[in-house]
Amino acid sequence: MELAGGDCLNAGCVPSKALLRCAKLVREARKAASRQNEFGVFFTKRGESEVLDLDVGVDFAKVMQRMRRLRSSIAPVDGHARGVSIGSQVFQGRGVFTSPYTIEVVEDGKKLGDANNPVLRFRKAVIATGGRPTIPDVKGLVSAPYATNLNLFNLQSLPERMVVLGAGIVALEMAQAFAAFGSKVTVLQRSKLLSGDVEAGKVIRETLEQDGVQFLDEVIVKEVETLRSRGSDGELPLMRVGLTHKGNSQLTSLECECLLVAIGRTANVQNMGLESANISYHPTQGVLINDYAQSISHPNVYAVGDCVAHVPRLTHMSGEMAKVVVQNSLFGGEWRMSTLVVPAVMYTDPEYAVVRKVVTIDTNGNVVPSPKLSAEEVDVYRAELRSNDRAILDSSDTNGYVKISCIKGTGTIVSCTIVSSRAGEMINEVSLAIKNGIDIMGLGRNVHAYPTLGEGVMSCGLQFIGARWKKMNEGG
Ligand SMILES: Cc1cc2nc3c(=O)[nH]c(=O)nc-3n(C[C@H](O)[C@H](O)[C@H](O)COP(=O)(O)OP(=O)(O)OC[C@H]3O[C@@H](n4cnc5c(N)ncnc54)[C@H](O)[C@@H]3O)c2cc1C
């Protein structure tokens with residue numbers, strides 16, 4: 001039986017961010033220790049004045065203990081007890097559609113069609129079954145003791161060597177965290193970092209490399225050999241990963257105690273009887289929906305979150321879609337998916353944040369990802385954080401930036417990318433602007449507290465205003 005709270009609470013955002021907090025502390029402490037002359041902060045034995053040349057130690061068991069404690073403290077909000085207390089009826093088991101208006105609950109240890117399985121009849125239903133890690137078809141992998149986000153947070157000891165398959169958000173966050181804790185981390189990437197955002201990928205990669213993470217590019221993983229299984233006492237397994245590089249068929253290999261598979265997510269839409277209910281779906285991407293988050297083939301069934309095709313797989317996206325569905329299914333609302341402006345953040349240090357309208361509607365009325373405008377269709381306003389006073393005072397964000405794209409010749413914002421230690425906080429202002437039709441001039445005229453990294457957003461707006469003044473001056 002799976003725990004209430006889904007991926008975010010149990011094996012996603014919550015545990016990963018708890019680990020990243022400890023990793024950040026380690027990196028900051030190391031920075032202080034190694035740059036004593038710059039910061040004037042040093043370590044001594046209590047009561048003594050001798051300056052010690054120290055490294056920072058990590059007690060991995062305590063890091064994990066802290067994560068579990070904090071996760072439990074957040075858990076009640078997502079627990080079944082709360083659902084029941086606010087009027088829900090909870091059935092525990094696997095929900096399977098058996099007709100367009102019935103769902104059978106298959107409890108643990110039972111089969112579909114067992115006499116005592118509860119059968120629920122509905123007028124409206126919402127599918128919110130989430131996703132699972134995608135596992136590539138690699139020889140020996142399925143039988144190997146590899147890790148995914150589902151079991152990574154159960155580790156009891158720190159792997160000496162970690163190989164990360166994939167270079168997306170989950171992969172890079174965990175690569176940085178485990179490198180800070182002391183693992184020798186190698187990231188295997190098949191193509192480009194961060195879905196091809198070359199500029200941000202370069203900054204993030206350089207920082208991770210400084211942290212000791214090694215990147216192997218254009219790698220094809222051929223096989224995984226299990227050299228030692230996971231011990232019942234928590235002993236880590238040992239694996240050999242065989243790989244080739246693009247254009248070179250020679251097999252090389254890497255050994256590791258932890259092989260983290262993080263190449264993407266597959267929607268949970270299989271074995272749920274969607275065919276019996278006439279609910280259209282893509283086998284890996286998920287349920288196909290329209291602008292109102294309704295199934296395109298069954299108007300009384302809605303779908304939200306990671307089980308839906310073509311929407312970003314993020315907790316706040318699932319939450320926002322849940323609001324859309326409540327409004328549209330129960331209160332006759334007209335809340336449209338195509339109006340959603342959704343930020344996405346990678347919580348490495350520096351953080352990487354992007355925001356834009358995430359979905360659009362195709363000619364059949366179905367939700368599809370919003371196309372990105374080409375470089376010729378936009379004007380770009382950019383602020384380098386190395387000249388931001390807060391970044392200078394913090395000795396941070398040397399390579400960080402804020403980049404805002406507007407429809408060419410106008411101040412209408414279409415997207416924003418931020419690379420900064422605070423990108424996740426800074427991006428929300430730009431989301432608000434896009435959502436409410438505030439143009440880039442509005443960001444330039446919004447008074448920002450000094451000194452803050454957020455002034456980088458304002459700087460982009462001031463560039464737009466400056467360009468207009470220049471044009472007016474030239475009589476344009
Ligand atoms: C390591 C990691 C870190 C992440 N960090 C972030 C982050 O920092 N910020 C962010 O926004 N997002 C993050 N995400 C993504 C986020 O976790 C997901 O987008 C979010 O959990 C999706 O929520 P959901 O409700 O759609 O699905 P889930 O949270 O996956 O919930 C689906 C639920 O449905 C249940 N279920 C499945 N099939 C059935 C069935 N047939 N019958 C009944 N129940 C079923 C599952 O057991 C589960 O409880 C992260 C993901 C990972 C893996």
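Reader: How do the residues of the shell around the ligand divide into nonpolar, polar and charged?
Author: This is a predicted model, in which local features need pLDDT of at least 70, side-chain atom pairs count only at pLDDT 80 or more, and totals for chains, interfaces and linings use all residues. Residues are numbered from 1 along each chain as its sequence is written, and side-chain values use heavy atoms, with hydrogens and water left out. Ala, Val, Leu, Ile, Met, Phe, Trp, Tyr, Cys and Pro count as nonpolar, Asp, Glu, Lys and Arg as charged, and the others, Gly among them, as polar. On that scheme, the shell splits into 8 nonpolar, 12 polar and 7 charged.

Reader: How many residues surround the ligand?
Author: A residue counts as near the ligand if one of its heavy atoms lies within 4 Å of it. The closest are E2, K17, G95, D306 and T315. The number of residues surrounding the ligand is 27.

Reader: What share of the ligand's exposed area does the protein bury?
Author: Let's start with the polar contacts, pairs of N or O atoms within 3.5 Å (within protein, one must be able to donate a hydrogen and the other to accept it, and residues adjacent in sequence count only if both atoms are side-chain atoms). A backbone N or O atom of G95 sits 2.8 Å from a ligand nitrogen, while ligand oxygen atoms lie 3.4 Å from a polar backbone atom of A128 and 2.9 Å from a backbone N or O atom of T315. Taken alone, the ligand exposes 990 Å², an accessible area from the Shrake-Rupley method with a 1.4 Å probe (for residues, only the protein chains shown count as cover). Of that area, the protein buries 81%.

Reader: Which element gives the most to the shell around the ligand?
Author: Helices (H or I, at least four residues) and strands (E, at least two) are DSSP runs, numbered from the N terminus. With 4 residues in the shell, the top giver is α1.

Reader: What is the largest C-alpha distance among the UniProt "binding site" residues?
Author: The unreviewed UniProt entry puts that annotation on G166, A167, G168, I169, V170, A171, L172, E173 and G264. They are spread over 99 residues of sequence yet cluster in space, with a largest C-alpha distance of 13.6 Å. UniProt positions follow the numbering used here, feature names are shortened, and annotations may be inferred rather than shown by experiment. So the annotation comes from the record, but the computed distance is 13.6 Å.

Reader: Is G166 buried or exposed?
Author: G166 sits in the loop between β6 (161-165) and α7 (169-181). Leaving aside neighbours within four places in sequence, G166 has contacts (heavy atoms within 4.5 Å) with A171, V187, L188, A262 and I263. Buried means under 20% relative accessible area, exposed over 50%, and partly exposed in between (1.4 Å probe, protein chains only). At 10%, G166 is buried.

Reader: What is the relative accessible area of G168?
Author: G168 also lies in the loop between β6 and α7. G168 is partly exposed, because its relative accessible area is 30%.

Reader: Where is P350, which follows D349?
Author: The peptide bond from D349 to P350 is cis, with omega near 0 degrees. P350 is in the loop between β17 (341-346) and β18 (351-357).

Reader: Is N271 buried or exposed?
Author: N271 is not a glycine, yet has a positive phi of about 50 degrees. Its place is the loop between β13 (265-267) and β14 (281-282). With a relative accessible area of 65%, N271 is exposed.
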